[in-house]
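Biologist: Can you walk me through this one? I'd like the general picture, then some residues.

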Amino acid sequence: MDKPILKDSMRLFQPLGRIKSRSMFGGFGIFADETMFALVVHDKLHIRADNTLTKQFKQQGLEPYVYHKRGFPVVTKYFALSEEWQDDCDQTLQVAREALVKAQSEKSTQAEAKPTRIKDLPNLRLATERMLKKVGIDNVKQLEQTGSLEAYKAIRESHVSEISLELLWSLEGAIKGTHWSVVPQSRRDELLSRLHN
């Protein structure tokens, strides 16, 4: 169970901002003010690495976390810290601070360079783009104006087969520029209640 290391890590990272966790990649993502910079999975703390940190971690023999999505391995940017690292709270906090700064900067760069094609948004692919075009939503701007709920309803009405709720979360995440699993439960509940009214 990941809980003890998760609690200890969250306590350690409190100087970095408002710390919270959400389940991600089969473990728990650790966020500071809405930016994920660490991951606890398989009873290990993983820190997010940019190119520079990746080189440093690899030289130290640290490995990136690999999870399986639909049976395929996906290599993440999160590296498992060794026990020596975890025993040194100052060093762990310092590298976490570095990871957070890089993650925040990457997030703002991505927000500035928002894609125009629907398939290039987070969570979406060509099949989703085609479904949206079929209901008259041709680009990112139109999707943002329509909103996730109305876009989801339009797709559901135009399809004969069952459309999963995961598509609603994917559309909401795409509009917000985040992974669908990060859509807060409160927002999901709000969308669901509006969907059933």
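Biologist: What share of the residues in the protein chain is buried?
Modeller: This is a predicted model. In it, buried residues make up 40% of the 197 residues in the protein chain.

Biologist: And how many helices and strands are there?
Modeller: The protein chain has nine helices and six strands. Its C-alpha atoms fill a box of roughly 55 × 30 × 30 Å along the principal axes.

Biologist: Back to the buried part. Which residues have the most contacts inside the largest nonpolar core?
Modeller: They are F13, L16, I30, F37, L45, I47 and F57, in a core of 25 residues.

Biologist: Which elements give two or more residues to this core?
Modeller: Helix 1, strand 2, strand 3, strand 4, helix 2 and helix 4 do. Helix 4 gives the most, with five residues. There is also a second, separate core of 21 residues, which includes L121, M131, L132 and I175.

Biologist: Why would such side chains gather at all?
Modeller: In soluble globular proteins, nonpolar side chains tend to be buried together.

Biologist: New topic. How do strand 1 and strand 2 run, and how many bridges join them?
Modeller: The two strands run antiparallel, and six bridges join them. One example is K20, whose bridge partner in strand 2 is F31.

Biologist: What about the hairpin, how many residues are between the strands?
Modeller: Two residues lie between strand 1 and strand 2 in that hairpin, and F25 takes a positive phi near 50 degrees there.

Biologist: Now charges. How many salt bridges does the count come to?
Modeller: The count comes to 14 salt bridges. One of them joins the side chains of E106 and R48, at 2.9 Å from N to O.

Biologist: Which parts does that pair tie together?
Modeller: E106 lies in helix 4 and R48 in strand 4, so the salt bridge ties together parts that are 58 residues apart in sequence.

Biologist: Is R48 buried or exposed?
Modeller: R48 is buried because its relative accessible area is 12%, and the cut-off for buried is under 20%. E106 has 24% relative accessibility, so it counts as partly exposed.

Biologist: Where do R187 and E190 lie?
Modeller: Both lie in helix 9, three residues apart, which is about one turn of the helix. They form a salt bridge, with the closest N and O atoms 2.8 Å apart. R187 is partly exposed at 22%, and E190 is partly exposed at 38%.

Biologist: Which residues are linked with them in a network of salt bridges?
Modeller: The network links E172, K176, R187, E190 and R194.

Biologist: Switching again, to T76. Where does it lie, and is it buried or exposed?
Modeller: T76 lies in strand 6. Its relative accessibility is 11%, so T76 counts as buried.

Biologist: What does the side chain of T76 reach?
Modeller: It reaches the backbone nitrogen of Y78 at 3.1 Å. A polar atom of the T76 side chain also lies 2.8 Å from the backbone oxygen of Y65. Not counting residues up to four places away in sequence, T76 touches P64, Y65 and Y67.

Biologist: Last one, R156. What is it in contact with?
Modeller: Leaving aside neighbours within four places in sequence, R156 is in contact with I163 and L195. R156 lies in helix 7, and at 39% relative accessibility it counts as partly exposed.

Technical notes
Residues numbered from 1 in each chain as written. Predicted model: local features only at pLDDT ≥ 70, side-chain atom pairs only at ≥ 80, totals over all residues. Heavy atoms only, no water. Helix = DSSP H or I, 4+ residues; strand = E, 2+ residues; numbered from the N terminus. Buried < 20%, exposed > 50% of the residue type's maximum accessible area, 1.4 Å probe, protein only. Contact = heavy atoms within 4.5 Å. Core = buried A, V, L, I, M, F, W, Y, C linked by side-chain atoms within 4.5 Å. Polar contact = N/O pair within 3.5 Å; in protein donor to acceptor, adjacent residues only side chain to side chain. Pairing = 2+ DSSP bridges. Salt bridge = Lys/Arg side-chain N within 4 Å of Asp/Glu carboxyl O.
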